[in-house]
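This briefing collects computed features of one structure, grouped by topic for a reader who wants to check each statement against the coordinates. Please keep the sequence and the 3D view at hand while reading.

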Amino acid sequence: MPNAKLTISIDLELGWGNWDNITPFHIHNIESKEHLIIERLLEIFDRYGITVTWAFVAALLDEDSARSMPGSKSLWYAPEIIDKIRKSNMPHDLGSHGGKHKYFDSMSKNEAIEDIQFAAYIHSKNGMHLNSFVYPRNKVGRIDLIAEQGIKVYRGQDLAWHQTIRNKQALLGRAANLLDKLLPISPQAVSPELKKDICNIPGSMLFFSRNGIRKLAHPKITLNKLHKGILNAINNDGVFHLWFHPSNFWTNTDQQFEIFETFIKQASTYIENEQLEVSSMAGFSSNEH
Ligand SMILES: [Zn+2]
């Protein structure tokens, strides 16, 4: 069995991803595109036999939570989407992206407990195992509390050169992030890090939106980076952990899907050759340590 792994995690949030700064742009795109994008992703995963982690905001399955939010209910409450994922041919890992997309680095301990308990309650009420956790805005914090709720794996911050700069200096970090998107710089392979009874599987690369200045990133360069991500995982017995939100497909949707499917097709040839294996985040909870 190959040691190299491809892990894909998707942050599923609809309006909750921008509950604190939602704009007409978000509303328009969520209402007109989000469902279709999720369907197209599920079709690709079925076509190539890929299992991924869908980390969803728990409130999407709680009608009461939608009542206090602005705009149409469908921005905040979407049980039909979770249903579609559960009914797809490939068995996916349904993880959590927090109770209501609150930020774990700035919440009080009690707020964090309340949020994570709400997420755990929604998972269990709907008969789902909660193994994987993706921090809203990747704001990692209160790891002990999420472990207490039985979460086994979380996605840590990207292991990337531009992230290291960003952690020290926000503005320079943004410039570095843009440069990284424009140049064929190779994403890093990551390794699972076990801390007590919870495992961190950091991100390697964001499948980024092609909007604004990022339109300058040539699709061939993005494909080249994605390919290097696979090769790095193979050469280092590591994990290429790609992540994104459905919103990363809002702009130039067809082009984004063309890039994504080309990458998945390429990954599937390495899988067929037994050089690469697919693992959801939950896959790291049982057999890695
Ligand atoms: Zn999010």
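Proline 91 sits in the loop that links helix 3 (79-87) to strand 3, and with 9 other C-beta atoms within 10 Å the residue is exposed. In sequence, proline 91 and valine 52 are 39 residues apart, yet their C-alpha atoms lie 8.4 Å apart in space. The model described here is a predicted one, and the points below move from the paired strands to the nonpolar core, then to the helices and some individual loop residues.

**Strands 1, 2 and 3**

- Strand 1 (residues 5-12) pairs with strand 2 in the parallel sense, with four bridges between the two, and within this pairing serine 9 stands opposite threonine 53 of strand 2.
- Between strand 1 and strand 2 the chain passes through helix 1 (residues 24-48), and the β-α-β crossover formed in this way is right-handed.
- Strand 2 also runs parallel to strand 3, to which it is joined by four bridges; here alanine 55 stands opposite glycine 95, while the bridge partner of tryptophan 54 in strand 3 is leucine 94.
- In strand 2 (residues 53-56), Thr53 and Ala55 point one way and Trp54 and Phe56 the other way, and all of these residues are buried.
- Strand 3 is likewise covered on both faces, since the buried residues are Asp93 and Gly95 on one side and Leu94 and Ser96 on the other.

**The largest nonpolar core**

- The largest nonpolar core has 65 residues, of which Leu6, Ile10, Trp54, Leu60, Ala233 and Leu276 touch the most other members.
- Which residues are in contact with leucine 276, leaving aside its neighbours within four places in sequence? They are Pro2, Ala4, Leu6, Ile230, Ala233, Ile234, Ala267, Tyr270 and Ile271.

**Helix 4**

- Helix 4 (residues 109-125) contains 17 residues, and the distance of 24 Å from its first C-alpha to its last is close to the 24 Å expected at 1.5 Å a residue.
- Its buried residues are Ala112, Asp115, Ile116, Ala119, Ile122 and His123.
- Why do these residues lie on the same side of helix 4? They cover an arc of only 115° around the axis, which places them together on that side.
- As general background, an α-helix has 3.6 residues a turn, so residues three or four places apart point the same way.
- On the other side of helix 4, Lys109, Asn110, Ser124 and Lys125 are exposed, whereas the cover over the buried residues includes strand 3 (93-96) and helix 5 (143-148).
- Glycine 127, just after helix 4, takes a positive phi of about 70°.

**Helix 8**

- The 18 residues of helix 8 (residues 219-236) should span 26 Å at 1.5 Å a residue, and this agrees with the 26 Å between its end C-alpha atoms.
- Buried in helix 8 are Thr222, Lys225, Leu226, Gly229, Ile230, Ala233 and Ile234, and what covers them includes strand 1, strand 8 (205-206), strand 9 (239-244) and helix 9.
- Just after helix 8, aspartate 237 adopts a positive phi of about 50°.

**Phenylalanine 257 in helix 9**

- Phenylalanine 257 belongs to helix 9 (residues 253-272), and because 16 C-beta neighbours lie inside 10 Å, this residue counts as partly exposed.
- Not counting residues up to four places away in sequence, phenylalanine 257 touches Arg40 and Phe249.
- Phenylalanine 257 and glutamine 157 are 100 residues apart along the chain, and their C-alpha atoms are separated by 25 Å.

**Loop residues with positive phi**

- Asparagine 138, in the loop between strand 4 (132-134) and helix 5, has a phi near 55°, which is a positive value in a residue other than glycine.
- Is asparagine 138 exposed, partly exposed or buried? With 19 C-beta neighbours inside 10 Å, asparagine 138 counts as partly exposed, because a buried residue needs 20 or more.
- Lysine 196, located in the loop between strand 6 (193-195) and strand 7 (198-200), has a positive phi of about 50° although it is not a glycine.
- Lysine 196 is exposed, with 8 other C-beta atoms within 10 Å.

Terms used. Residues are numbered from 1 along each chain as its sequence is written. This is a predicted model: local features need pLDDT of at least 70, side-chain atom pairs count only at pLDDT 80 or more; totals for chains, interfaces and linings use all residues. The expected span of a helix is 1.5 Å times one less than its number of residues. A residue is buried if 20 or more other C-beta atoms lie within 10 Å of its own, exposed if 12 or fewer, and partly exposed in between; C-beta atoms are placed from the backbone. The arc is that of the directions from the helix axis to the C-beta atoms. Two residues are in contact if their C-beta atoms, placed from the backbone, lie within 7 Å. Two strands pair if DSSP finds at least two bridges between them. A crossover is right-handed if, with the strands pointing away from the viewer, the path from the first strand over the helix to the second runs clockwise. A nonpolar core is a set of buried Ala, Val, Leu, Ile, Met, Phe, Trp, Tyr and Cys residues joined through C-beta atoms within 7 Å.
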